[in-house]
Amino acid sequence: MKIVVIGGVAAGASAATKARRVNENAEIIILEKGPYVSFANCGLPYYVGGDIKKKDNLLLVTPELFKKRFRIEVRLHHEVVAIDAKEKTITVQSPENSYKEQYDKLIIATGAEPVKPSLPGIDLPQVFTVSTVPDAESIVEHLAAGAQSAVVVGGGFIGLETAEALLQKGVNTTLIQRSQQLAKNFDVEFSRPLERHLQELGCKLVFGQSLSKIIGEEKVEAVELTDGRQLPTDLVIMAVGVRPRVQLAQIAGLQIGQSGGILVNAAMQTSDPFIYAAGDVVESLHLVSGRKVRIPLAGSANKQGRVAGANAAGGKLLFKGVLGTAIIKVGKLTIARTGLSEKEAQEAGKDYFVSYSPLNSHASYYPGAQGMIIKLVAENFTGRLLGAQIIGSLGVDKRIDVLATAIYAGLSVFDLENLDLAYAPPYGAAKDPVIMSGMIAANIVRGEIKQVTPQQLEELKKQAGIVVLDVRAREEFAKEAIEGAVNIPVDELRSRYEEIDPEKTILIYCRSGYRSYLASRFLQQKGYKVFNVSGGFLAYKMDVQVKK
Ligand code: FAD
């Protein structure tokens, strides 16, 4: 049997090596158009920023090792330009010639290519995408040669990570985002702390603009924004998204899915049973929304490649789907998500509620605890967990992974209340943030507490018959408070509650939602109509403490 793999990075390398483990007798060839296989795209920003010092550290498996350890032949600089599915052949363009190669099973792992809009000046040598090792090497060389300023276009994961890397190198960095929100696959409120932190790091932010042209004759001198403003710069980094490389699949007559990726079944088989596909080039089933989505991430690419490789070689593995679990570090902040955001839950027509929980990364009495805000999206009535987003500076990674596992297992917020998680003061809390966020959300489903979100508060407080009650201490209230709020500290509420008009609806908040929860329970039992502001003042401001 001859298995040919097109593309030799995350999905392709996983597919080829798994195929070998399943079938010792198969002939396995990887065709890669670039100069490297099995390189760590995810590490590129850290190479630019200097955290990864040597380029070689980005090269995970070399062609020599593929040969020696796996008996897999790697052909670099070999681009597949056509597939004839009927004849089971591909046409390959090598540096020397064009030739045909026969296959028994073909695996398409061509990934996604960075979008480079056609703009005047886009081909100047100081305009980059961050996609390959040569891209990163080139940026590093320009920095070493004295480039001092950069414009990063796009505030998604790659744009944010690259901006961070440039700031770390002392580059005068401006990030341009077409919309009003960074990290658009999060709910909008998660953009605010990111913006504040990037500004603290010295990044200039421009929202609501894109590039109309890049100015310069032989080298970049400036960019012009759509509003006509010109920003002088030495480098331009384009990070405006990726699109799946489906051209070969189209030539082969394979079915392309609604989302624009190659359509595959759970065995990673395309509409042609002899052709498999995996990674950024395919579309996947979203395990919560049930929709077909394209979420280009390394975890899925590796797992899908493994399944495709196994099955092409005669095995029987299935890839169930994705949750879009992702995490990114920007300076000292980490944001992470899994499942559906609120926006996505809305679009998917889910009957959901959200809750915000500002919590500490570990027991507050143990040194170094840092704040985080967990936003859960869960189904009304059943409490089934649909999604989670977290922002913080410590311990975000493990919480998002617990929540991703919970969503995968179909758990509800009631299950979160009961999780048995590891605890010692340096690591967590006796009621871990995941458990606490579950308790807070479960109280809502049980009807123990009624809540409004900070966004709903903004709308409601304009209406007649509403009192916004701040139950924090006087000093906290004096420092900063929600406009129009009245202050009765929680410890004075039992003696002063009659100051509040019982005809009014009360929206109660404190710093994080705990004292207001106590106040809500008290006032409810006194017959007041009360709503707790989810996540309190911290969630209202999306204020996340960043360690110094
Ligand atoms: P790729 O890794 O894109 O590999 C496809 C390969 O196919 C390429 O080498 C290409 O040259 C080759 N190819 C294409 N067409 C042909 C052809 N016709 N003939 C021969 N070869 C061809 N994901 C995360 O989960 N976490 C992260 O932190 C993260 N950070 C990232 C940072 C950066 C800067 C980038 C660029 C991506 C990051 N990703 C991250 C995404 C992740 O790298 C991708 O999801 C993953 O690499 C996809 O793997 P793939 O094998 O499908 O495609």
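This is a short walk through one protein chain, from its overall build down to single residues.

Let me start with a caution. The model is predicted. Please keep that in mind throughout.

First, the whole chain. What is it built from? The chain has 17 helices and 30 strands. Its radius of gyration is 26 Å, and the globule rule gives 24 Å for 548 residues. Those two values are close, so the chain is as compact as a globular protein of that length. Along the principal axes, the C-alpha trace spans about 90 × 55 × 40 Å.

Now, inside and outside. Of the 548 residues, 55% count as buried. The chain exposes about 24200 Å². Carbon and sulfur atoms supply 50% of that area.

What about charge? There are 64 positive and 59 negative charges in the chain. Their mean positions are 4 Å apart.

And contacts along the sequence? Take the contacts between residues at least 6 apart in sequence. Of these, 63% join residues at least 24 apart.

Next, the cores. In soluble globular proteins, nonpolar side chains tend to be buried together. Here, the largest nonpolar core has 78 residues. Which of them touch the most other members? They are L160, L376 and L403. Apart from that core lies another, of 53 residues. Among its members are V5, A16, I28 and F70.

Let me stay with L403 for a moment. Setting aside neighbours within four places in sequence, L403 is in contact with T338, I374, L376, L385, A388, I390, L416 and V434. So L376 appears twice: it is one of the three that touch the most core members, and it is a contact of L403.

Now a helix. Look at α6, residues 191–200. Which of its residues are buried? S191, P193, L194, E195, H197 and L198. What covers them? The cover includes helix α5, at 157–168, and strand β12, at 204–207. It also includes β21 (326–330), β22 (333–339) and β25 (385–392). After α6 comes G202, with a positive phi near 100°.

Close to that stretch of sequence, turn to Q177. It is found in strand β11, residues 172–177. Is Q177 buried or exposed? Buried, because its relative accessible area is 8%, under the 20% cut-off. Beyond its neighbours within four places in sequence, Q177 is in contact with G154, G155, L182, K184, V206, F207, G208 and Q209.

Now three residues from further along the chain. I take them together, as their contact lists overlap.

Start with Q451. It sits in strand β26, residues 451–452. At 18% relative accessibility, Q451 counts as buried. Its contacts, leaving out neighbours within four places, are F353, V354, S355, I444, Q456, F531, N532 and S534. Q451 and A441 are ten residues apart in sequence, and 10.0 Å apart in space, C-alpha to C-alpha.

Then P454. This one is in helix α13, residues 454–460. P454 is buried, with a relative accessible area of 5%. Not counting residues up to four places away, P454 touches Y356, V533, S534, A539 and Y540. S534 is also a contact of Q451. For scale, P454 and G159 are 295 residues apart in sequence and 29 Å apart in space, C-alpha to C-alpha.

Third, G535. Where does it lie? In the loop between β30 (529–533) and α17 (536–541). G535 is buried, with a relative accessible area of 4%. What does G535 touch, beyond residues up to four places away? Y356, P358, R511, S512 and G513. Y356 is a contact of P454 as well. And P358 is 177 residues from G535 in sequence, yet 5.9 Å from it in space, C-alpha to C-alpha.

Last, two backbone details. R71 has a positive phi, near 50°, and is not a glycine. R71 lies in the loop between α3 (63–70) and β3 (72–75). It is partly exposed, with a relative accessible area of 45%.

F381 also has a positive phi, about 70°, and is not a glycine. F381 lies in the loop between β24 (371–379) and β25. Is F381 buried or exposed? Exposed, at a relative accessible area of 73%.

That is the tour.

Conventions: Residues numbered from 1 in each chain as written. Predicted model: local features only at pLDDT ≥ 70, side-chain atom pairs only at ≥ 80, totals over all residues. Heavy atoms only, no water. Helix = DSSP H or I, 4+ residues; strand = E, 2+ residues; numbered from the N terminus. Rg over C-alpha atoms; globule rule 2.2 N^0.38 Å. Buried < 20%, exposed > 50% of the residue type's maximum accessible area, 1.4 Å probe, protein only. Contact = heavy atoms within 4.5 Å. Areas by Shrake-Rupley, 256 points an atom, 1.4 Å probe, with all protein chains shown as cover. Lys, Arg positive; Asp, Glu negative; His and termini not counted. Charge placed at Lys NZ, Arg CZ, Asp CG, Glu CD. Core = buried A, V, L, I, M, F, W, Y, C linked by side-chain atoms within 4.5 Å.
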